[in-house]
Amino acid sequence: MMTATPHVVRSAAPGKVILLGEHAVVYGRAALAASIDRYVEVTVTRAGGSACPAAVAVGAVGATGPVPIQALRRAAELTGVNPAELETAVSANLPVGVGLGSSAALSVALVRALAEFAGQALADSAVCARAFELEKIFHGFPSGIDNTVVTYCCLIAFRRGSAVRPLVAGRPVPLVVALGGAPRETQKTVRGLRQRWEIRPELYEPLFDEIDCLVSAAESAIGTGDLQRLGALMNANHALLQRLGVSTGELDEMVALARASGALGAKLTGGGGGGAVICLCHGDRERLVEAFTRAGWHAFSTDIAGQDRGIDAADDAGRFERRDGARA
Ligand code: MEV
């Protein structure tokens, strides 16, 4: 008896860090973001096959499980696939729900996997647009920066309504990411800030403008490889995020620890209200990772796109080629 070969499609997309400009970017200001060398992978199998998650290949430290139903339904609708025909599984070595772009990575990987499953060749711009629709399910009113940086896997300057500008760092930007323990949701902090802004826009608009100026200065610092300056700008951005009311006592403690341990700069990244901080280092990142570990926080080094040692170097599994054959 002949059995049909199960149709299995796998697609992975990276997480991201916002280097500067989160929240203000929702209000039309600029932000800088980069994809990182951690991934979410979606496996799609024809129903009746086995959607075995590729957790082993990716190095599972994040979540594994099926794609959330609402996102799956919407992605299926956007790619013209019947969700009843398929089974899905997700695996990740990207920490989930901490502001590192896990929902954008899931959205992009899912759209690409479903499109491939349906035999469609989607251009990156079409992937990005569909992933943005999924991001609305996760975040309510996203600016679009997360799905953009995750789709194109690079270092970008982003401003709503303007063309995305890929950047090249003048020298590597060595980061340590540390994770807070408090549960959080980007949607909540974005909504909370919007409510405060609606009541007193005159208080928040100048803060957004200040962040915009920092972003512009940081873009130059990244281009010329002036890490000292970039660190100082990140510190200033964190102070403004505190004034926006999106930091927490724990995030402030983590930022203080990073600076006391020699980081050039540190700030919360993403939505805040808990989640992750990024720390810019001189080079010896292990010492900072150890300092966080001793204090009870999980931390890891990460390489961002847009520099010599980008995602390529960290991707020893070699499985994250983009559709056009270029390495992510
Ligand atoms: C989330 O990664 C960044 C925020 O600015 C929200 C957004 O831009 O959609 C907080």
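This is a guided tour of one predicted protein model, stop by stop, with selections to make in the viewer.

**Before selecting anything**

The model is predicted, so local features need pLDDT of at least 70 and side-chain atom pairs count only at pLDDT 80 or more, while totals for chains, interfaces and linings use all residues. Residues are numbered from 1 along each chain as its sequence is written, and side-chain values use heavy atoms, with hydrogens and water left out.

**Whole chain**

Show the cartoon first. The protein has 11 helices and 10 strands; these are DSSP runs numbered from the N terminus, with helices being H or I of at least four residues and strands E of at least two. Of the 328 residues, 55% count as buried, where buried is under 20% relative accessible area, exposed is over 50% and partly exposed is in between (1.4 Å probe, protein chains only). The protein exposes about 13400 Å², of which carbon and sulfur atoms supply 53%; the areas come from the Shrake-Rupley method with a 1.4 Å probe, and for residues only the protein chains shown count as cover. Among contacts (heavy atoms within 4.5 Å) between residues at least 6 apart in sequence, 74% join residues at least 24 apart.

**Stop 1: H3 and H4**

Two packed helices are described by the angle between their axes and the distance between the axes. Select residues 102-117 for helix H3 and residues 124-139 for helix H4. Their axes come within 8 Å and cross at roughly 130°. That makes H3 oblique to H4. Axes here are lines fitted to C-alpha atoms, for helices over the stretch in contact, and angles run from 0 to 180 degrees between N-to-C directions. Angles under 35 degrees count as roughly parallel, over 145 as roughly antiparallel, 65 to 115 as roughly perpendicular and the rest as oblique.

H3 passes H4 in a right-handed crossing. A crossing is right-handed if the near helix is turned clockwise from the far one by less than a right angle, and left-handed if anticlockwise. To see the contact, show side chains for Ser103, Ala104, Leu106, Ser107, Val108, Leu110, Val111 and Arg112 on H3, then Asp124, Val127, Arg130, Ala131, Leu134, Glu135, Phe138 and His139 on H4. Coloured by class, the contact of H3 with H4 has nine nonpolar, three polar and four charged residues. Nonpolar covers Ala, Val, Leu, Ile, Met, Phe, Trp, Tyr, Cys and Pro, charged covers Asp, Glu, Lys and Arg, and the others, Gly among them, are polar.

**Stop 2: H2 against H4**

Keep H4 and add helix H2, residues 69-79. The two axes come within 10 Å and cross at roughly 155°. H2 is therefore roughly antiparallel to H4. The crossing of H2 and H4 is right-handed. On the H2 side, pick Gln70, Ala71, Arg74, Ala75, Leu78 and Thr79; on the H4 side, pick Arg130, Glu133, Leu134, Ile137 and Phe138. The contact of H2 with H4 has six nonpolar, two polar and three charged residues.

**Stop 3: H5 and what covers it**

Select residues 145-152, helix H5, which is mostly covered: seven of its eight residues are buried. These are Ile145, Asp146, Asn147, Thr148, Val149, Val150 and Thr151. To see the cover, add elements including strand S1 (8-20), strand S2 (31-46), H3, H4 and strand S5 (155-158).

Move on to Cys153, which follows H5 and is found in the loop between H5 and S5. Cys153 is not a glycine, yet has a positive phi of about 50°. It is buried, with a relative accessible area of 9%.

**Stop 4: His23**

Most residues other than glycine have a negative phi. Select His23, in the loop between S1 and S2; it is not a glycine but has a positive phi of about 70°. At 5% relative accessibility, His23 counts as buried.

**Stop 5: H6 and H7**

Select residues 186-199 for helix H6 and residues 201-224 for helix H7. Their axes come within 6 Å and cross at roughly 120°. Leu193, Arg196, Trp197, Glu198 and Ile199 in H6 meet Pro201, Tyr204, Glu205 and Phe208 in H7. This contact of H6 with H7 has six nonpolar, no polar and three charged residues.

Stay on H7 and pick Cys213. Is Cys213 buried or exposed? At 54% relative accessibility, Cys213 counts as exposed. Add Gly21, 192 residues apart from Cys213 along the chain: the C-alpha atoms of the two are separated by 9.6 Å.
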